[in-house]
Amino acid sequence: MSDPAPAQLQAGTDRYAQIGAAAFLLAVLILTYLIYSPGLDGPFLLDDDSNIPAAQVDTLTLANLQGQLFDGEQFAGLSRGLTRISFTFTQYFAGPDAFAFKYQNLLLHLINGLLVFWLLYLLACRRSRTADTTAPLWFALAAVSLWVLHPLQVSTVLYAVQRLVLLSSLFTLGALIAYVKGRLLSATRPLAGAAVALIGVGVCGLLGLLSKESAAVLPVLLAVIEGIFFRFRTQGPRQRRLWIGLWVLLIGLPAALGALYLIPRLPDLLGWHAGRGFSGVERLMTQVHVIGLYLKLFLVPLPSSMSLFHDGFPITRHLDAATIALASLYAGLILLAVRFARPAPWISFGILWFFACHLIESTVIPLEMVFEHRNYLATVGLATLLVSIVTTLFASIGRLRLAVPVIAALALLLAFNTATRARIWADLDTLLAFDYRYRPDSPRVLAELATRESARGNQGRAVALLARLVNMDTEDAAPELTALRLYCREPALPKQLYDRTSDKLAQGLITPTAVTALAQFANLVLQGQCPAISPAQFDALTATAFANPRARVADERCLTGEVRVRALIGLSRWEDAASALAQTLDQCVYAKPVQMRFVVSNLLRFAGDYAASAQTTAMLRTVAQEPTRRAALDRAFGAHGGFDLDQLLALESTAREASRSGR
C-alpha cells in the first residue's frame, strides 16, 4: 500500500480539525446553557413590567400582530415591532411567566454565539495566507468562547426585555455574514456575490432595525470589515464598478441619511434635556467615563463590579483632566487601529468594532447613562482583540501552543463568574441584597428594597432605607412618593415630607420611576387605603405633577395625565376631569400607541370600579371627537378595527364579570 499523498493528509487533518472544532463549539454552548439555567427562574425586572404585558393579546390574529408591529414611536410606528411580536408569541404559547422569556433569550444567545463564530471564521479564513483552515477555525472558537461565556452578557440574557438587543444583534450578525459571503463569492461569481450581499444586508438590516434601533450601526460595521479585511479591492474594472455601487448603497447612502437626520438635530441633542437632568454635552463627557467602565467590566469581569443598577453613576458636568485624558486615549486607539489595520488586522478590528457598536447608545442620544446590555455586540470586538493579543504574544516567543491552555483557563474563569451571576439573578431578594452590598447608593436598589421590606411588614427597615434614599436628594420625586405610601395608615402625612414631594413634583424630573410611584400612591388613595392624606392634598399633588414640564418624553406626560384624570374622577370634579382628559390625550398623541390604549382602558376600568362609568364614558366620547385625538385613538386601537368606545365598554364589562366569577 502506498503512502497517502500530501493533499490527502491535509484533507484528513482538516476533517479531524473540523470534527474537533464542532465538538468543542458544542461543548461551549452546552456549558453556556448549563451555567445560565439557574437564572432562568428569576423574575421580571425594571422595564419588563411596562413592555412585556403591553404585547399580550387574547387571540392570535393578523390584526393583533399588525397592531403590535405598528406600536412604536419611530419609523412610522415600526420601531421595535419585531421584538414586540416575539413577546406576543411567547406569552400566547408559553404564558406570561418570566421563565419562558428568559429561556428563549438564552436560546437566542446561543444562536448568536454560532453566528459570531461563523463571522469570525469567515474573516479569519480571509486573513489567512495559507490553505490551512485549522488556525482560523481555532481562532474563531477561542474568541466566541470568551464572548458567549462572559458574565457581562448576563444583563442581556436574563433581562427579559433585552430580547430587543438579542434580536437586533442576531440580524446584524446575519447581515454581516451575508456581506462577507457575498464578498468571498464575488471572486469567482461577481453577480451572485453582489446579490448575496445586497439581499442579505437589506433584509437582515431591516429586520434588525425592526428589533431595535441600535442596528443602525450596521453600515459602520460593514465599513470596518471591508476596510480591514477586503480593503475596498476588487478584481477587474467591471467588478469594481459593481461593488462601488454596492458600497454606496449599503454604506454610503445609510451614512448620508443618518448624517442628514442627525445634523439638524445636533443643537437640540447637545443642549439641555429637561427630562433627563443633563445636557447632550454633559452626556458626551460622562460617556467617556462610562466607556472606561465598560472596558473595565470586560477586562476585570468580577460579579461584584457588574449590576443591573448603575443609576448612581456620576454625571460629568465640567470638562476636566481625566475626561480629556480618557478621550485622548480613545482617539489615539482609533487612529492607531486605522493606521495599523494591515499589519495587525485583528487588533484593529477589535478596537474599531467596539467603538462602532457604541456610536448610538454612548454618544449624545439622551438615553439613561449606563446599562451593561449596551455591550452585548460590542464585546465581540474585545473578545477577538484579547485572543489576538494572547496569540501574538505567545507566537513572538515561539510558544504559540501555550496560548490554548491560557485561553481555555480564561474561558473557564469567565464561565465560573457567569454561573455566579446567574445564580444571583435567580431571585430578586438575592439580587437586591448583592447589589446593595456593592452599590448602597443606587436609588433603584434602595427603592426596591424599601418596597419589599414594607410588603413584609418590616416598616422600620423600610423607613430607614427610604430615609437614606430621600437624603440622596435625587432629581425626581419617586423616593418621596414611595416614602409617603409608608405613612398612609398614619393619622397624617409628615408635613416636611409632603412639602418636599410637592416641590419635586413641581420642579423635578418626571421620570418613568416617578410616574410609577405616583400611580401606586394614587391607587392607594383612590382605593381608600391612605386615610392620612386629605382630598385637597391629593388633588394638589396630582395637579402639580400634571403641570410639570420636565417629563422625559410624551409617554411620561401621557401617563401622568392619566393619574390626574383618575384623581379628578375620584373627587367628582367632572368639568376639570374633562379638561384634563383632553390635555392628556393631546400628549398621548405623541406617545407610543400602547400608552394611549392604557390610558383609555385604565380609565374605563377605574370608572367601572368607582361607579362612575356613565359620566366617564360621556366625557370620553365628547373629548374623543376632536379630529387629531380621534385619529390617534384609531391608530392606537388599530388591531381592534379602530377606536370603538361601545366595544371597549363591552370588553371591560365582560372582563369585570369574569373577574367576579373567578373570585
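Q: What does it take for a residue to count as buried, and is Cys-357 buried or exposed in this predicted model?
A: Buried means under 20% relative accessible area. In this predicted model, Cys-357 has a relative accessible area of 9%, so Cys-357 is buried.

Q: Why is the sulfur of Cys-357 too far for a bond with the closest cysteine sulfur?
A: A disulfide is a pair of cysteine sulfur atoms within 2.5 Å. The closest cysteine sulfur to that of Cys-357 is in Cys-204, 16 Å away, and therefore too far for a bond.

Q: Which cysteines do form disulfides here?
A: Cys-488 is joined to Cys-530, with 2.2 Å from S to S, while Cys-558 and Cys-588 are linked with their sulfur atoms 1.9 Å apart. The torsion about the S-S bond of Cys-558 and Cys-588 is about 85°, so that disulfide is right-handed, whereas the link of Cys-488 and Cys-530, with -85° about the S-S bond, is left-handed.

Q: How should I read the packing of helix H10 and helix H15?
A: Two packed helices are described by the angle between their axes and the distance between the axes. For H10 (residues 218–230) and H15 (residues 345–357), the axes come within 10 Å and cross at roughly 170°, which means that H10 is roughly antiparallel to H15. The residues that meet include Val-220 and Phe-229 in H10, and Trp-346 and Cys-357 in H15; by class, this contact has 13 nonpolar, one polar and no charged residues.

Key:
Residues are numbered from 1 along each chain as its sequence is written. This is a predicted model: local features need pLDDT of at least 70, side-chain atom pairs count only at pLDDT 80 or more; totals for chains, interfaces and linings use all residues. Side-chain values use heavy atoms; hydrogens and water are left out. Axes are lines fitted to C-alpha atoms, for helices over the stretch in contact, and angles run from 0 to 180 degrees between N-to-C directions. Helices (H or I, at least four residues) and strands (E, at least two) are DSSP runs, numbered from the N terminus. Angles under 35 degrees count as roughly parallel, over 145 as roughly antiparallel, 65 to 115 as roughly perpendicular and the rest as oblique. Contact means heavy atoms within 4.5 Å. Ala, Val, Leu, Ile, Met, Phe, Trp, Tyr, Cys and Pro count as nonpolar, Asp, Glu, Lys and Arg as charged, and the others, Gly among them, as polar. Buried means under 20% relative accessible area, exposed over 50%, partly exposed in between (1.4 Å probe, protein chains only).
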